[in-house]
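Biologist: I should like to learn how to read a protein model feature by feature. May we go through one together?
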Amino acid sequence: MLKCEVNDFVPDKKNDEKKLENMNFQLSIAFEASKLSLFAELIELGTRMKIGGQSELVEGLTSQLENNYKNSLYLNIVYTLT
């Protein structure tokens, strides 16, 4: 969907070009934020695993990370752009 919008966008004025650059910048920020959020969850999971004795919490964090990954912009942007 996003790819279609970007491909159909034909800038005819300087303001339109700036809008497109702004959209690309915002998308880059959102992508990086999504990726960093997943890394933070992974670090927390690894830390809990090292501490030990928290198997229920580790299972919950693993499930949460899996769900968040499936719904993340980090994963889904590839499917959106292809």
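Biologist: Which side chain does Arg 48 meet in a salt bridge?

Modeller: Side chains of opposite charge can pair when their charged atoms come close. A salt bridge is counted when a side-chain nitrogen of Lys or Arg lies within 4 Å of a carboxyl oxygen of Asp or Glu. Here the partner of Arg 48 is Glu 44, with 3.9 Å from N to O. Before we continue, please note that this is a predicted model, in which local features need pLDDT of at least 70 and side-chain atom pairs count only at pLDDT 80 or more, whereas totals for chains, interfaces and linings use all residues. Residues are numbered from 1 along each chain as its sequence is written, and side-chain values use heavy atoms, with hydrogens and water left out.

Biologist: How many residues apart are Arg 48 and Glu 44 in helix H2?

Modeller: A helix is a DSSP run of H or I with at least four residues, a strand is a run of E with at least two, and both are numbered from the N terminus. Arg 48 and Glu 44 are four residues apart in helix H2, so about one helical turn separates them.

Biologist: Are Arg 48 and Glu 44 buried or exposed?

Modeller: Neither word applies to this pair. A residue is buried under 20% relative accessible area, exposed over 50%, and partly exposed in between, with a 1.4 Å probe and protein chains only. Arg 48 is partly exposed because its relative accessibility is 28%, and Glu 44 is partly exposed because its value is 36%.

Biologist: How many salt bridges does this rule give?

Modeller: The count is three. Another one joins the side chains of Glu 32 and Lys 35, at 3.3 Å from N to O. These two residues are three apart in helix H2, so they too are separated by about one helical turn. Glu 32 has a relative accessible area of 36% and is therefore partly exposed. In helix H3, Glu 66 and Lys 70 lie four residues apart, about one turn of the helix, and their side chains meet in a salt bridge of 3.5 Å, N to O. Glu 66, at 43% relative accessibility, is partly exposed, and Lys 70, at 47%, is partly exposed as well.

Biologist: What elements make up the protein as a whole?

Modeller: The protein contains four helices and zero strands, and its elements run α-α-α-α from the N terminus on. Of its 82 residues, 15% are buried.

Biologist: Which residues make up the largest nonpolar core?

Modeller: A nonpolar core is a set of buried Ala, Val, Leu, Ile, Met, Phe, Trp, Tyr and Cys residues joined through side-chain atoms within 4.5 Å. In this model the largest one has five residues: Leu 38, Leu 45, Val 58, Leu 61 and Leu 65. Helix H2 (14-51) and helix H3 (55-70) each supply at least two of them, and H3 gives the most, with three.

Biologist: Which residues is Val 58 in contact with, leaving aside its neighbours within four places in sequence?

Modeller: Contact means that heavy atoms lie within 4.5 Å. On that basis Val 58 is in contact with Leu 45, Arg 48 and Met 49. Arg 48 is the residue whose side chain meets that of Glu 44 in a salt bridge. Across the protein, residues 24 or more positions apart account for 57% of the contacts with a separation of 6 or more.

Biologist: How many aromatic pairs are there?

Modeller: Rings of Phe, Tyr and Trp (its six-membered ring) pair if their centres lie within 6.5 Å; planes under 30 degrees apart count as stacked, over 60 as edge-to-face, and the rest as tilted. The count here is two. In one pair, the rings of Tyr 69 and Tyr 74 have centres 6.5 Å apart and planes at 55°, so the pair is tilted. Both belong to one aromatic cluster with Phe 31. Tyr 69 is partly exposed at 37% relative accessibility, and Tyr 74 is partly exposed at 31%.

Biologist: Where is Phe 39 placed?

Modeller: Phe 39 lies in helix H2. With a relative accessible area of 43%, Phe 39 is partly exposed.
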